[in-house]
Amino acid sequence: PPILLQEMSSSTSSVNGYPPSKGTPEYLLSVSKWLNRTCGVDIETSDISACVGTKEFVASLPHYLKLVNPAKNVVAGPKLAYPTYEMGAKLAGCDYVGLAETDFGIDLDYLDGIDSLLCLWINSPANPTGHLEDLERVAKWANLRGVPVISDECYMEYNWLRAPETILKYSKTNILALHSLSKRSNAAGIRVGSYCGDPELVYYLTEIRKHAGAMVAGPLLHAASAALYDDDHVKLQRERYLERLSIFSEALTNIGLKVSLPDGGFYLWAEINEMPPGDKSAEPLSWAWTRWLANNFGVIVAPGDLYGQTGESFLRIALVQPTQEIAIVAEKISKFVV
């Protein structure tokens, strides 16, 4: 958004000294007020800290948690998920247990009897499927089991079925919520995010992460604060994503893919049941379609098995290019004779 670029270039934040790893008071207050305005929750700034985007936080969190719980060596999360959940577990020397989605949400019953559980990841709206989790149910589970739950909510404001929701609405005990400007403000390049929730978890992570140099530059924190006070650019982006999702889902349906609009997020999760037209190779299904769409239409998609084995018959399509370009490609795809 323009306000982010303006504030970043005009920031008077010092570049001589180290920025606080926790984040500046200005930034922490902007996160607190944004959560209150958007979700109706009250989070003290002491229970919020900054992170360098959220990817580094996801990848490093299991390692830091295991330092105080060395006997815990299992990280759980969705079977179909952002790959860094599993990679973070591996980097910490942990096993990753993928949980299926049921009619009631993520299969928490599968974790019964696993005493070595270090933490649980959830993601709502979910990448890649757009699934919406029952956050109240998960919060109750966290309180009952005493296991840290990290709710990745970076697509929170791109919820197409209901108002934006955070798990912190139901509890903070044993819970962290993770947010990012990468998705909210289309600002992945500035690497600014936040985590908040359980006071003890936030304090511990803040203290240990500063030794790893996890610090966001002052001018970026200042710009991020301005962006968090501005809701207009999010409303505009929501309109753009909905239009793009509608345009491209129709085009993919016209060539035989099974695709519906997601409950949240800006990805289409398209199901494929046969090889693309004219393809007689032995290539895996999702990879064959990825190559076919790239070669014939210049469309770059992600094979579904990048997000888990159960995604091998799916494609993830990110609607992040300008709407006009998406419409041109969609028209070409729709005119293709299968």
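How many residues of domain 1 are in contact with domain 2, and how many residues of domain 2 are in contact with domain 1? In this predicted model, 20 residues of domain 1 touch 21 residues of domain 2.

**Two domains and their interface**

Let's start with the layout of the chain. The domain assignment places domain 1 at residues 2–229 and domain 2 at residues 233–335. Their C-alpha centres are 28 Å apart. Between them, the two domains bury about 2000 Å², and carbon and sulfur atoms account for 62% of that area. On the domain 1 side, three residues are worth finding in your viewer: Pro128, Tyr158 and Trp160 provide 36% of the area that domain 1 buries against domain 2, more than any other three residues.

What kinds of residues make up the side of domain 1 that touches domain 2? The split is 11 nonpolar, 5 polar and 4 charged. Although charged residues are present on that side, the number of salt bridges between domain 1 and domain 2 is 0. Polar contacts do cross the interface, with 10 residue pairs counted, both partners at pLDDT 80 or more.

**Salt bridges in the structure**

Side chains of opposite charge can pair when their charged atoms come close. Across the whole structure, the search finds 14 salt bridges. Here are three of them, with the distance between the closest N and O atoms.

| Residue | Partner | N to O distance |
|---|---|---|
| Arg291 | Asp279 | 2.7 Å |
| Arg291 | Glu283 | 2.7 Å |
| Lys335 | Glu331 | 3.2 Å |

Arg291 is a good one to look at, with a salt bridge to Asp279 and another to Glu283. The Arg291 and Asp279 pair links distant parts of the chain, 12 residues apart: Arg291 belongs to helix 10 (residues 285–297), while Asp279 sits in the loop between strand 10 (267–271) and helix 10.

Are these partners buried or exposed? Asp279 is buried, because its relative accessible area of 14% falls under the 20% limit. Arg291 counts as partly exposed at 34% relative accessibility, and Glu283 is partly exposed as well, at 27%.

In the pair of Glu331 and Lys335, the side chains meet at 3.2 Å. Glu331 is partly exposed, with a relative accessible area of 45%. Lys335 has a value of 60%, so this residue passes the 50% limit and counts as exposed.

There is also a group to trace by eye: Arg37, Glu157, Arg184 and Asp231 are joined in a network of salt bridges.

**A buried threonine in helix 7**

Where does Thr206 sit? Thr206 lies in helix 7, which covers residues 199–209. With a relative accessible area of 9%, Thr206 is buried. The side chain of Thr206 comes to 2.6 Å from the backbone oxygen of Val202. Leaving aside residues up to four places away in sequence, Thr206 touches Ser21, Lys22, Ser49 and Tyr195.

Terms used:
Residues numbered from 1 in each chain as written. Predicted model: local features only at pLDDT ≥ 70, side-chain atom pairs only at ≥ 80, totals over all residues. Heavy atoms only, no water. Domains from an automatic or database assignment. Contact = heavy atoms within 4.5 Å. Buried area = accessible area lost by both parts, 1.4 Å probe. Salt bridge = Lys/Arg side-chain N within 4 Å of Asp/Glu carboxyl O. Polar contact = N/O pair within 3.5 Å; in protein donor to acceptor, adjacent residues only side chain to side chain. Nonpolar A, V, L, I, M, F, W, Y, C, P; charged D, E, K, R; others polar. Helix = DSSP H or I, 4+ residues; strand = E, 2+ residues; numbered from the N terminus. Buried < 20%, exposed > 50% of the residue type's maximum accessible area, 1.4 Å probe, protein only.
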